[in-house]
Amino acid sequence: MKSIYKCTFSVILIAFLGYNSVYFQKLSTHKNQKNVTFDFNLFADSLYFKGILTNTKAIDLNELLVQIKENSDSAFKTHGNRLGIGNSAFFMVKSQGKVSKIDNGQLTIAALNGSFINLETKYIFGNAIRDASGLVKLTDFKTNADFNKVSEALNTVIREKVLPKNISKIKIGDEISFTGALKLSKKEVLGLVILPVFITLKEK
């Protein structure tokens, strides 16, 4: 009987150690390994919880807009992330405000400076979050298809696992803080639609 308990304990211990050994790694550490099937879902999960959530690079949205107005080239170079040449870049920003409208998964936020910001919590697609994070790069991958799989998996984590819990208790009039990905262009003023990576409800 003791041997059975010992065996069971060993299995549990191995499983525990295996779970806690999962940590955020760039794909470049794996791409030279042959016959290894990369788990994009596991990577995206780790990228979010042990990469994005612990990353402090997000800039206050108002501060970013002021810097862009003063010197867009400097602001884009310092805080933006873009792949290749172009006038657009992705930024990880943070802000706060009061929820003024909720419509089909989109939250309209009245910011402290009087402006309005839209948070898209339902249609989380594209490469904005991946690129704004600055944690992965094209050279980590052999193909664009693999690079895009990271976006798909990461968006799924945020859209299906994170945001539903974040917004489940939010209602009009609540004060929230948030961090999210924003695409901006030097040549044209785009609407402030942010793809949030997490939203926090201010306790009353």
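Which backbone oxygen lies 2.7 Å from a polar atom of the side chain of R159? I looked, and it belongs to I124.

**Ground rules**

I am working on a predicted model, where local features need pLDDT of at least 70, side-chain atom pairs count only at pLDDT 80 or more, and totals for chains, interfaces and linings use all residues. Numbering runs from 1 along each chain as its sequence is written, and side-chain values use heavy atoms, with hydrogens and water left out.

**Overview**

I counted six helices and six strands in the protein. Both are DSSP runs numbered from the N terminus: H or I over at least four residues for a helix, E over at least two for a strand. Along the sequence, I read the pattern as α-α-β-α-α-β-β-β-α-α-β-β.

Then burial: 36% of the 204 residues count as buried. Buried means under 20% relative accessible area, exposed over 50%, and partly exposed in between, with a 1.4 Å probe and protein chains only. I also checked contacts (heavy atoms within 4.5 Å). Taking those in the protein with a separation of 6 or more, 65% come from residues 24 or more positions apart.

**R159**

Back to the arginine I opened with. R159 sits in helix α6 and counts as buried, because its relative accessibility is 18%. Besides the I124 oxygen at 2.7 Å, I found a polar contact of 3.4 Å between the side chains of R159 and T156. A polar contact is a pair of N or O atoms within 3.5 Å; within protein, one must be able to donate a hydrogen and the other to accept it, and residues adjacent in sequence count only if both atoms are side-chain atoms. Leaving out residues up to four places away in sequence, R159 touches K122, I124, F125 and P164.

**S151**

I stayed in α6 (residues 144-167), where S151 is also placed. S151 is buried, because its relative accessible area is 2%. Which side chains make polar contacts with that of S151? The N127 side chain does so at 2.7 Å, and the R130 side chain at 3.1 Å. Both turn up again in the list of residues that S151 touches beyond four places in sequence: G126, N127 and R130.

**α2 against α6**

Next I looked at how helix α2 (residues 40-52) packs on α6: the angle is about 65° and the axes are 8 Å apart. Axes here are lines fitted to C-alpha atoms, for helices over the stretch in contact, and angles run from 0 to 180 degrees between N-to-C directions. The crossing of α2 past α6 is right-handed, as the near helix is turned clockwise from the far one by less than a right angle (anticlockwise would be left-handed).

On the α2 side I noted F40, N41, F43, A44, D45, L47, Y48, F49 and I52, and on the α6 side D146, K149, V150, A153, L154, V157, I158, K161 and V162. By type, the residues of this contact are 13 nonpolar, one polar and four charged. Ala, Val, Leu, Ile, Met, Phe, Trp, Tyr, Cys and Pro count as nonpolar, Asp, Glu, Lys and Arg as charged, and the others, Gly among them, as polar.

G51 is in α2 too. G51 is buried, at a relative accessible area of 6%. Apart from neighbours within four places in sequence, G51 is in contact with S46 and L135. G51 and L135 are 84 residues apart in sequence, yet 7.4 Å apart in space, C-alpha to C-alpha.

**α3 against α4**

The axes of helix α3 (residues 61-70) and α4 come within 5 Å and cross at roughly 135°. That makes α3 oblique to α4; under 35 degrees would be roughly parallel, over 145 roughly antiparallel, 65 to 115 roughly perpendicular, and the rest is oblique. L64, Q67, I68 and E70 of α3 meet S72, A75, F76 and H79 of α4. I tallied four nonpolar, three polar and one charged.

T78 is in α4 as well and counts as exposed, because its relative accessibility is 54%. A polar atom of the T78 side chain lies 2.8 Å from the backbone oxygen of S74.

**Two loop residues**

G86 is in the loop between α4 (72-79) and β2 (88-103), and is partly exposed at 31%. From G86 to S185 I get 99 residues in sequence and 8.8 Å in space, C-alpha to C-alpha.

N104 is in the loop between β2 and β3 (106-111). Its phi is near 50°, a positive value in a residue other than glycine. N104 counts as partly exposed, at 47% relative accessibility.
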